[in-house]
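This report looks at how selected helices meet and at what surrounds a bound ligand. Please keep the sequence and the structure in view while reading.

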Amino acid sequence: MNFDIEYVVRVFPSILKYLPVTLEIAFLSGTIAMLLSICIVLLRRVPSRILQAVLNFYLDFFRGTPVVVQLFFLYYGLAQLFPIFKNLSGFSAAVIGLSLNASSYMSESIRGAVQSVHRRQTEAGLACGLTHLQVMQHIVFPQAAKVAVPTLVNDFIGLMKSTSVAFVLGVRDVMAQTKMLGGSSYRYFECYFVAIIIYFILTKLIHCFQKWLERKLDVTTRKEGAACSTSEA
Amino acid sequence: MLDIRGLNKQFGGLHVLHDVDLSVKKGEVVSIIGPSGTGKSTLLRCINFLEVPTSGTITIDGLTISPEHCTKQEIYQLRHKSAMIFQDHSLFENKTVLENIALPLWTAYGYTKAAAREKAESILEMIGLADKRSAYPYALSGGQQQRVGIGRAIAIEPKVMLFDEPTSALDPSLVEEVLELIRTLALKHATMLIVTHEMNFARNVSDRVIFMNHGSIVESGPPEEIFLHPSDPETQAFVQKSVHRGGPLVL
Ligand SMILES: Nc1ncnc2c1ncn2[C@@H]1O[C@H](COP(=O)(O)OP(=O)(O)OP(=O)(O)O)[C@@H](O)[C@H]1O
Ligand SMILES: [Mg+2]
């Protein structure tokens, strides 16, 4: 069997048409996961044994079980137990499941970055009269962001790739469309080749965004900073 | 202005501060000297509750709080009455020099952002760093960083300023500019509590010198007394050793 380049060109647009669905799941889940992660990091500092035990269980659960199983559990399992979940669409279930899953990774990335900020920065903020929350908001999180960007972007790439399992809940995304076209034309190689190219380019684009963000967050390369240090060439 | 009564601090089983009593009057400059590990930093950090004392009371400007029953709100109120200057790494690294001084003003002291910037500008004039207003801390010398730290403290108009070895982390050539600024503040009758290893500076700038050892105040008195005629043998030994190490005492 030979590689049919013409078929690739023909099938490319009809797979690409579902890229927005993939992107929508990825960005929606990514945003929700980020917000959840920040909450988790803040809650991590609350001195309550019960709360910490719950958080630990949450993180262990989502990092210790496969994402496909989690999605099935959420979509089919919970719907059986609680009727309200019956009306959940596959899309919503995928977004919820992927958000929860990604938040368990992202919160650890953020926590590591927060810990990398010198303790003196927090103390100085408190000594200046700021509240704990203000210290986090104005001093610790902005400094942690620089450290967190590479790992968070990796987490996001992981999330973007795992959107491809959403088809198991009946969501019609890039992967689902590829699978369907492949199944009807028997040109599996060409179809999955297209899907691979699409996912690969997507990952590369996110990497470029990461580099740009890292540069933007680094105060040592900011214009004002450089302009004032006369010793710098 | 500042009144500390029966202050104790334990870290687990380690008893670091033993029944410390200390009063500082308005406009008074008090230096604390003593060997390493004696609890000087811990004492300062208890004053603004960066460390929560085990027992005792802290009073600043009429506000008394004790660790047994104090609310978060009271701790914030207490912190609003003092400012601390650390050894190093205390400028907000993600903020410019100007923002470092302005940030506490508009976040914690009720200034508008514009008023905070204006005040920060005038502080920068005063500490002679107006041309560095948009520089980030990494681009400043250690001495300049400390001056900004002091400027940030001045800006909030604290009732008492707490200095924890403000020159210990500095290159010897940069120490003088920082000490000079602290001297200026002393002349303006700022109330200051200064932990320092600079014996000559302590002798010149202070109204009173306190010698601490093993978590207690051993001796307290005018600089001449502590440095020239200490009554306690421990003080004697420490002063002699420090003077020997740091060169002759300038009188
Ligand atoms: N967070 C902490 N946890 C446990 N022990 C601590 C802590 N902070 C300080 N200590 C201990 O308390 C004692 C007093 O420390 P402190 O830093 O107050 O000494 P110091 O007089 O400031 O010394 P130096 O002149 O070296 O700065 C030391 O034995 C130190 O190990
Ligand atoms: Mg110390």
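## Polar contacts to ligand 1

A polar contact is taken here as a pair of N or O atoms within 3.5 Å. The model is predicted, and with that cut-off in mind the surroundings of ligand 1 can be described residue by residue. There are 13 residues around ligand 1, and those that come nearest are Ser36(B), Gly37(B), Lys40(B), Ser41(B) and Thr42(B).

Two of these names return when side chains are considered: Lys40(B) places a polar side-chain atom 2.7 Å from an oxygen atom of ligand 1, and Thr42(B) has a polar side-chain atom 2.5 Å from an oxygen atom of the ligand. Glu165(B) also takes part, with an N or O atom in its side chain 3.2 Å from an oxygen atom of ligand 1.

## Helices H1 and H9 of chain A

In chain A, helix H1 (residues 5-16) packs with helix H9 (residues 188-217) at an angle of about 55°, their axes being 9 Å apart. Because of this angle, H1(A) is oblique to H9(A), and the crossing of the two helices is right-handed.

On the side of H1(A), the contact is made by Tyr7(A), Val8(A), Val11(A), Phe12(A), Ile15(A) and Leu16(A), while H9(A) contributes Glu190(A), Cys191(A), Phe193(A), Val194(A), Ile197(A) and Ile198(A). Sorted by class, the contact of H1(A) with H9(A) has eleven nonpolar residues, no polar ones and one charged residue.

## Between chains: H7(A) and H3(B)

Helix H7 (residues 132-162) of chain A packs with helix H3 (residues 97-108) of chain B at an angle of about 145°, with the axes 12 Å apart. The crossing of H7(A) and H3(B) is right-handed, and it brings together Gln134(A), His138(A) and Ile139(A) of H7(A) with Leu103(B), Trp106(B) and Thr107(B) of H3(B). The residues of this contact divide into three nonpolar, three polar and no charged.

## Within chain B: H3(B) and H5(B)

H3(B) also meets helix H5 (residues 142-155) of chain B, where the axes come within 9 Å and cross at roughly 25°. That angle is why H3(B) counts as roughly parallel to H5(B); the crossing of H3(B) and H5(B) is right-handed.

Here Val97(B), Asn100(B), Ile101(B), Pro104(B) and Leu105(B) in H3(B) meet Val148(B), Gly151(B), Arg152(B) and Ala155(B) in H5(B). By class, the residues of the contact of H3(B) with H5(B) are six nonpolar, two polar and one charged.

Note on methods:
Residues are numbered from 1 along each chain as its sequence is written. Chains are lettered from A and ligands numbered from 1 in the order in which they are written. This is a predicted model: local features need pLDDT of at least 70, side-chain atom pairs count only at pLDDT 80 or more; totals for chains, interfaces and linings use all residues. Side-chain values use heavy atoms; hydrogens and water are left out. Axes are lines fitted to C-alpha atoms, for helices over the stretch in contact, and angles run from 0 to 180 degrees between N-to-C directions. Helices (H or I, at least four residues) and strands (E, at least two) are DSSP runs, numbered from the N terminus. Angles under 35 degrees count as roughly parallel, over 145 as roughly antiparallel, 65 to 115 as roughly perpendicular and the rest as oblique. A crossing is left-handed if the near helix is turned anticlockwise from the far one by less than a right angle, and right-handed if clockwise. Contact means heavy atoms within 4.5 Å. Ala, Val, Leu, Ile, Met, Phe, Trp, Tyr, Cys and Pro count as nonpolar, Asp, Glu, Lys and Arg as charged, and the others, Gly among them, as polar. A residue is near a molecule or strand if one of its heavy atoms lies within 4 Å of it. A polar contact is a pair of N or O atoms within 3.5 Å; within protein, one must be able to donate a hydrogen and the other to accept it, and residues adjacent in sequence count only if both atoms are side-chain atoms.
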